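Hi,

Here is the structure I promised to pass on. Have a look at it first, then read my notes below.

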Amino acid sequence: MAAIGLLASWPDVAAGASSAKGPNPNCPARARALVEHFIGADCLDCWRAAPPQPGQSRVPGAEAVGADEWSLDWIVPARADDAPMAPGALPEGAERLARLGAPLSARLDTPPAGFDTATELAGRDASRRFSIHSSLPYQGYFGVQMHAKGLWPVGSTGWISLVELLPVGTRDTLIPRHLVRALVGPVNLPATAAATDAVAPLFALRWPENAHPELLMATAWIEGRDGRILQITSDRCPEPR
């Protein structure tokens with residue numbers, strides 16, 4: 001990890017830069033709810049779909065995200081190795097869906113192979129702190145460090161990812177997407193509320209060859225025992241006070 005260099009936030013890319021006068025749209029910590037798009041690697045139509053107009057039927061995988069919501073996108077491997085989106089598929093996507101509910105993975109076995117979930121995020125708790133930082137990219141890796149302190153619900157775990165920011169028109173998507181490209185977890189959280197029990201695990205995450213490092217950001221979330229994401233943040237968020 002020493003070769004990766006000192007941890008510092010990667011500058012905002014054109015796709016996610018925001019004015020210093022307003023909140024960064026790529027900071028999910030401000031969101032009230034989280035929408036997750038699960039798309040089978042063989043459902044290109046799910047990926048290319050646009051949110052429906054009034055009177056139109058909805059295509060799974062393109063759930064509209066409100067102003068106070070944020071999204072995570074998962075491409076789940078298909079049974080066929082030659083699926084059109086196989087290069088972007090992540091096995092951890094199927095595992096994430098299974099943690100939400102064991103029967104849910106079957107929803108991707110029949111066309112259209114897409115599934116959307118929406119979850120209310122837990123409110124802020126002044127007794128907890130949760131943040132993530134990343135290094136500059138180096139030889140195919142980001143150094144990523146999650147910081148957590150305070151006592152979380154029993155059975156909660158931390159998860160750390162690299163997310164590719166895909167604005168409308170990028171890779172044929174008609175909605176902005178936050179595509180999960182690498183994931184590590186579960187990560188243990190503090191055992192007690194004592195400040196001395198804070199955890200700060202550090203990982204070197206490799207991005208896939210077909211990802212654009214300038215569009216990647218580090219993202220972390222706290223997942224409850226039932227699979228629900230309780231809190232989510234990114235390296236575009238200001239330090240919690």
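What follows is a quick tour, from the whole chain down to single residues.

First, a caveat: this is a predicted model, so please read everything below with that in mind.

**The chain as a whole**

The protein chain has two helices and ten strands. Starting at the N terminus, the order of elements is β-α-β-α-β-β-β-β-β-β-β-β, so you can find your way around by counting along that string. 

How does the radius of gyration compare with that of a compact globule? A compact globule of 241 residues would come out near 18 Å, and the protein chain has 17 Å, which agrees. Along its principal axes, the C-alpha trace spans about 50 × 40 × 35 Å.

Of the 241 residues, 46% count as buried. Among contacts with a separation of 6 or more, 72% are between residues 24 or more positions apart. The exposed surface of the protein chain comes to about 11600 Å², and carbon and sulfur atoms supply 55% of that.

**Strand β6**

Take a look at strand β6, which covers residues 157-166. Ten of its ten residues are buried, so the strand is largely enclosed by the rest of the structure. In a regular strand, side chains alternate between the two faces of the sheet. Here, Thr 157, Trp 159, Ser 161, Val 163 and Leu 165 point one way from β6. Gly 158, Ile 160, Leu 162, Glu 164 and Leu 166 point the other way, and all of these residues, on both sides, are buried. Note that Glu 164 is in that buried list.

Which strands does β6 pair with? One is β9, joined to β6 by eight bridges and running antiparallel to it. Within that pairing, Val 163 stands opposite Met 217 of β9. Another is strand β7 (residues 177-187), again antiparallel and again with eight bridges to β6. There, Leu 165 has His 178 of β7 as its bridge partner.

**Aromatic pairs and a cluster**

I count four aromatic pairs in the model. One of them is Phe 38 with Trp 74, a stacked pair at 6.2 Å centre to centre with 5° between the planes. This pair links distant parts of the chain: Phe 38 is in strand β1 (residues 33-40), while Trp 74 is in strand β2 (residues 69-76), 36 residues apart.

Are these two rings' residues buried or exposed? Phe 38 counts as buried because its relative accessibility is 0%. Trp 74 counts as buried too, at 1% relative accessibility.

Trp 74 also pairs with Trp 221, this time edge-to-face, at 6.0 Å centre to centre and 80° between the planes. That pair also links distant parts of the chain, with Trp 74 in β2 and Trp 221 in strand β9 (residues 216-223), 147 residues apart. Trp 221 is buried as well, with a relative accessible area of 0%. Taken together, Phe 38, Trp 74 and Trp 221 form one aromatic cluster.

**Two arginines over rings**

Where does the charged end of Arg 99 sit? It sits over the ring of Trp 159, 3.9 Å from the ring centre. Trp 159 is one of the buried residues of β6 mentioned above. The second arginine to look at is Arg 177, which lies over the face of Trp 47 at 4.5 Å from the ring centre.

**Two sulfur-containing residues**

Met 85 is in the loop between β2 and α2 (91-100). With a relative accessibility of 8%, Met 85 counts as buried. Beyond its neighbours within four places in sequence, Met 85 is in contact with Ile 39, Gly 40, Ala 41, Cys 43, Leu 44, Trp 47 and Ile 75. Trp 47 in that list is the residue whose ring has Arg 177 over its face. By contrast, the C-alpha atoms of Met 85 and Arg 124 are separated by 37 Å, with their positions 39 residues apart along the chain.

Cys 237 is found in the segment after β10 (229-234), and at 16% relative accessibility Cys 237 counts as buried. Setting aside its neighbours within four places in sequence, its contacts are Cys 27, Pro 28 and Ala 29. The C-alpha atoms of Cys 237 and Pro 25 are separated by 9.3 Å, although the two residues are 212 apart along the chain.

That's the tour. Happy to go through any of it with you.

Cheers

Technical notes:
Residues numbered from 1 in each chain as written. Predicted model: local features only at pLDDT ≥ 70, side-chain atom pairs only at ≥ 80, totals over all residues. Heavy atoms only, no water. Phe/Tyr/Trp six-rings, centres within 6.5 Å; stacked < 30°, edge-to-face > 60°. Helix = DSSP H or I, 4+ residues; strand = E, 2+ residues; numbered from the N terminus. Buried < 20%, exposed > 50% of the residue type's maximum accessible area, 1.4 Å probe, protein only. Lys NZ or Arg CZ within 6 Å of the ring centre and 35° of its normal. Rg over C-alpha atoms; globule rule 2.2 N^0.38 Å. Contact = heavy atoms within 4.5 Å. Areas by Shrake-Rupley, 256 points an atom, 1.4 Å probe, with all protein chains shown as cover. Pairing = 2+ DSSP bridges.
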